[in-house]
Amino acid sequence: MKSIHIAVLAVCVWSTTALAQQTPVVPDSTDASDVNSIFVFNRVCYGQVPNLEGIRRMAGQLAWTPLEPGDLEAFEPQGGADTVEGWDAPIGQRVFRVITAQGDVPPALVNTFPDFANGQSTSCTLVLDGTDKSDVFIAELTGLAGKEPASRDVATDGQLSTTWAGGNADVKVFLSGKTGVDDAGSLINVVVLTK
C-alpha cells in the first residue's frame, strides 16, 4: 500500500466509481454559515469524475470565478495533463477552490498499474479554507469512502495525508485528504484512473 500512496502523491502535486458505488455516509448541511466541506466535495468532485463536464456546467451556472493559469501550476499532475481548470467557488459563507485535471496516466501510476498505461487519469481537488477540524474531517471522509484508509497521517510537505484506495480491473479510485499543522483540513482530492 505504501507504493500506492507514493504514486497518488506523485499524481496530485498538491494537489466514480469504485468507491462511490458504496453508499456514502455524508452529512447534509442546511445552514449556509456551516457548509460541510465533505458534502460539497461529494457533490462537486467525487460524484462527477471522471466526467468533467458536470463540474464545468456547475461552475458556469453558479458563476464561479475562473482561476488564472499561474494559480493552476501547483495542481498540474506530474507528467502533465491535457486540461487543468480551476475556479474559486463561494458556497454559503465559505469559499472553496476547485481544480480539475485530466490526461494520460502519470508514469508513477503506470509503474504500479501497467494495465492502465494507455488509460486516462482524472482528478478533482477541493481546497478548503482551514475551518474543518482534522478529526471530524477524516471521520467524514472515511464515511464517504465507506472503508478505512489505506494509509493515514503520512507526513508530506508539512501536512498529513490520509488516503483511501479502491477499484477493480477497469477503474482505480484514490481519495485523499490533507490536514495541516493547525489541526484543520486543507484539501480533498480524488484521482480516477480508467482504461
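# Exercises on a predicted model

Strands β7 and β8 (residues 185-194) pair in the antiparallel sense, joined by 9 bridges. The model is predicted, and the exercises below work outward from this strand pair to the rest of the chain.

## Exercise 1. The sheet

Place the pair β7 and β8 in its sheet, and identify the edge strands.

Solution.

1. Start with the inventory: the chain has 6 helices and 8 strands. Along the sequence they follow the pattern α-α-α-β-α-β-β-α-β-α-β-β-β-β.
2. Write down the strand order. The sheet is open, has 8 strands and reads β1-β2-β3-β4-β8-β7-β6-β5, with antiparallel pairing. In this order β8 stands between β4 and β7.
3. Read off the ends. β1 (65-66) and β5 (151-156) are the edge strands, each pairing on one side only.
4. Fix the register of β7 and β8 with one residue pair: K178 stands opposite L187 in β8.

## Exercise 2. Two hairpins

Find the turn residue with a positive phi in the hairpin of β2 and β3, then do the same for the hairpin of β5 and β6.

Solution.

1. Take β2 (residues 83-91) and β3 (residues 94-104). These strands run antiparallel and are joined by 9 bridges. P90 faces V95 of β3 across the pairing.
2. The hairpin leaves 2 residues between the strands, and G92 takes a positive phi near 65 degrees.
3. Turn to β5 and β6 (residues 159-167), an antiparallel pair with 4 bridges. Here S151 stands opposite T163 in β6.
4. This hairpin also has 2 residues between its strands, and the turn residue D157 has a positive phi of about 50 degrees.

## Exercise 3. The disulfide

Locate the disulfide, and state which elements it connects and how its cysteines are placed with respect to solvent.

Solution.

1. Count first: the search gives 1 disulfide. A disulfide is a covalent bond between the sulfur atoms of two cysteines.
2. The cysteines are C45 and C124, with an S to S distance of 2.0 Å. That lies inside the cut-off, which asks for sulfur atoms within 2.5 Å.
3. Assign the ends. C45 belongs to helix α2 (residues 37-46) and C124 to strand β4; they are 79 residues apart, so the bond links distant parts of the chain.
4. Check the handedness: the torsion about the S-S bond is -50 degrees, and the link is left-handed.
5. Check the surroundings. Both C45 and C124 are buried.
6. Follow C124 into the sheet. It stands opposite T100, within the antiparallel pairing of β3 and β4 over 8 bridges. Strand β3 is itself mostly covered, with 8 of its 11 residues buried.

## Exercise 4. The aromatic cluster

Classify the ring pair of F113 and F174, and describe what surrounds it.

Solution.

1. The whole structure holds 4 aromatic pairs. In one of them, F113 and F174 lie 5.8 Å apart, centre to centre, with 45 degrees between the planes.
2. Planes under 30 degrees apart count as stacked and those over 60 as edge-to-face, so a pair at 45 degrees is tilted.
3. Locate the rings. F113 sits in the loop between α5 (107-112) and β4 (120-127), and F174 in strand β7 (residues 171-179). They are 61 residues apart, and the pair links distant parts of the chain.
4. Judge burial. F113 counts as buried because its relative accessibility is 14%. F174 counts as buried because its value is 2%.
5. Extend the group: ring pairs link F113, F116 and F174 into a cluster. K195 lies over the face of F116, 5.5 Å from the ring centre.

## Exercise 5. T142 and the whole chain

Decide whether T142 is buried or exposed, and list its contacts beyond four places in sequence.

Solution.

1. T142 is part of helix α6 (residues 134-145).
2. The relative accessible area of T142 is 14%, so T142 is buried; the limit is under 20%.
3. Leaving out residues up to four places away in sequence, T142 touches K147, E148, P149 and W164.
4. For the chain as a whole, 51% of the 195 residues count as buried. The chain exposes about 8900 Å², and carbon and sulfur atoms supply 50% of that area.

Conventions: Residues are numbered from 1 along each chain as its sequence is written. This is a predicted model: local features need pLDDT of at least 70, side-chain atom pairs count only at pLDDT 80 or more; totals for chains, interfaces and linings use all residues. Side-chain values use heavy atoms; hydrogens and water are left out. Rings of Phe, Tyr and Trp (its six-membered ring) pair if their centres lie within 6.5 Å; planes under 30 degrees apart count as stacked, over 60 as edge-to-face and the rest as tilted. Buried means under 20% relative accessible area, exposed over 50%, partly exposed in between (1.4 Å probe, protein chains only). A charge sits over a ring if NZ of Lys or CZ of Arg is within 6 Å of the ring centre and within 35 degrees of the ring normal. Accessible areas come from the Shrake-Rupley method with a 1.4 Å probe; for residues, only the protein chains shown count as cover. Contact means heavy atoms within 4.5 Å. Two strands pair if DSSP finds at least two bridges between them.
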